[in-house]
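Subject: Structure for your review

Dear colleague,

Please find below the structure I promised to pass on, followed by my notes on one helix, some strand pairings and the pockets.

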Amino acid sequence: MPQNFAPAPAGTTWTWYEGAWHDRPVKIMDAVGPASWLSSSVFDGARYFDRVAPDLDRHCQRIINSARLMGLAPTKTVDEMVDLAWDGIRRFAANEALYVRPMFFAGSGFVIPDPNSTEFTMVLEVMPLPEPTGFSAGLSRFRRPSPETAMTEAKTGALYPNVARCLRDAMDKGFDNAVVLDGNGNVAEFATANLFCVQNGVAVTPIANGTFLAGITRSRVIALLQEAGITVEERRVTFEDVLSADEVFSTGNYGKVLPCSRVEDRNFQPGPVGRKARELYFDWAHRQPSPLKDMS
């Protein structure tokens with residue numbers, strides 16, 4: 001575990017690579033390795049805020065799962081990544097909000113990555129949690145791929161060009177985010193987060209069908225709402241269901257739980273279920289064990 005480190009100034013990024021921490025971005029890929037030109041890489045994202053890192057272990061487990069799906073051989077265990085993350089977190093001021101991003105990538109291989117060449121890095125970056133002021137979303141003309149056409153069960157950078165074009169499509173029309181459909185025309189998610197809508201007090205979210213990542217924050221929020229006595233339905237959701245909902249909100253690692261204030265021309269107000277979901281999540285998060293809770 002680390003010794004005492006001076007807190008890093010706001011905006012500093014710390015990178016762990018090849019056995020050491022670096023207080024700057026690090027060039028980790030060469031032009032020959034398949035990660036740089038064939039997208040043979042996977043990553044995950046966790047959050048640190050208010051001296052807690054909720055579900056950090058689950059994010060670390062998911063990147064191991066993603067690596068194996070990519071044909072990589074993970075070189076770190078969950079416990080090793082968790083310890084490394086806390087090691088890095090200690091290099092920042094305790095009150096910073098951080099994005100914790102571990103990554104596995106292939107160092108060699110032609111088309112098929114060589115699992116024995118798997119490398120690992122972890123980046124910690126200052127990234128404030130967004131305020132729950134509400135965001136707008138428009139329907140994208142682009143769709144999520146199916147499991148038969150892409151590695152949709154892994155959190156891989158190879159999927160994000162499609163996310164980017166969905167997001168750009170919506171932003172070009174003046175929206176903050178996009179509602180993205182699956183190949184069958186049903187709602188899959190927002191471009192950058194999972195989607196919930198509320199109808200008559202029931203929280204509804206698209207059932208996981210392999211076209212989108214059913215997120216860790218999503219599953220946590222579902223469990224917390226159910227424990228609080230709020231009905232949650234995972235089922236087929238149409239775009240018309242979203243437009244006719246009483247409220248809409250998102251869940252995801254970047255913003256946790258955020259209200260959606262407009263979908264296309266339909267305006268929404270933050271509603272009681274979305275507010276409760278956010279309240280329950282942060283209350284649960286702040287009760288999680290942390291080696292930094294006693295820091296002044």
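The buried residues of helix α3 are Val78, Met81, Val82, Leu84, Ala85, Trp86, Asp87, Gly88 and Ile89, which in this predicted model leaves the helix mostly covered, with 9 of its 12 residues buried. The cover over those buried residues comes from several elements, including the strands β1 (13-17), β2 (20-22), β4 (46-48), β5 (98-106) and β8 (118-126), together with the helix α2 (56-70). As for its geometry, α3 runs over residues 78-89, and because a rise of 1.5 Å a residue should give its 12 residues a span of 16 Å, the distance of 16 Å between its end C-alpha atoms agrees with that expectation.

One of the elements that cover α3, the strand β8, is itself largely enclosed by the rest of the structure, since 7 of its 9 residues are buried. Strand β8 pairs with β1 in the antiparallel sense through 5 bridges, and within this pairing Trp16 has Met122 of β8 as its bridge partner. Strand β8 also pairs with β5, again antiparallel, over 9 bridges, and Ala106 is found opposite Thr118 of β8.

Turning to the pockets, the largest one holds about 910 Å³ of space. Its lining consists of 41 residues, of which Tyr160, Thr192, Ala193, Asn253 and Tyr254 are the closest to the centre of the pocket. The elements that contribute two or more residues to this lining are β3 (41-43), α2, β5, α4 (160-171), α5 (216-227), β15 (247-252) and β16 (256-263), so that α2 and β5 appear both here and among the elements that cover the buried residues of α3. By residue class, the lining of the largest pocket divides into 16 nonpolar, 16 polar and 9 charged residues.

Which residues line the second largest pocket? This pocket, with a volume of about 190 Å³, is lined by Ala53, Pro54, Asp55, Leu56, Asp57, Val82, Trp86, Arg220, Trp284, Gln288 and Pro289. The elements that give two or more residues to its lining are α2 and α3, and Val82 and Trp86, which belong to that lining, are also listed among the buried residues of α3. Here the lining residues divide into 7 nonpolar, 1 polar and 3 charged.

With best regards

Note on methods: Residues numbered from 1 in each chain as written. Predicted model: local features only at pLDDT ≥ 70, side-chain atom pairs only at ≥ 80, totals over all residues. Heavy atoms only, no water. Helix = DSSP H or I, 4+ residues; strand = E, 2+ residues; numbered from the N terminus. Expected span 1.5 Å × (residues − 1). Buried < 20%, exposed > 50% of the residue type's maximum accessible area, 1.4 Å probe, protein only. Contact = heavy atoms within 4.5 Å. Pairing = 2+ DSSP bridges. 1 Å grid on protein atoms, 1.4 Å probe; cavity = no way out; pocket = protein on both sides within 12 Å on 5 of 7 lines; lining within 4 Å. Points joined across faces, edges and corners; volume = space filled by probe spheres on them. Nonpolar A, V, L, I, M, F, W, Y, C, P; charged D, E, K, R; others polar.
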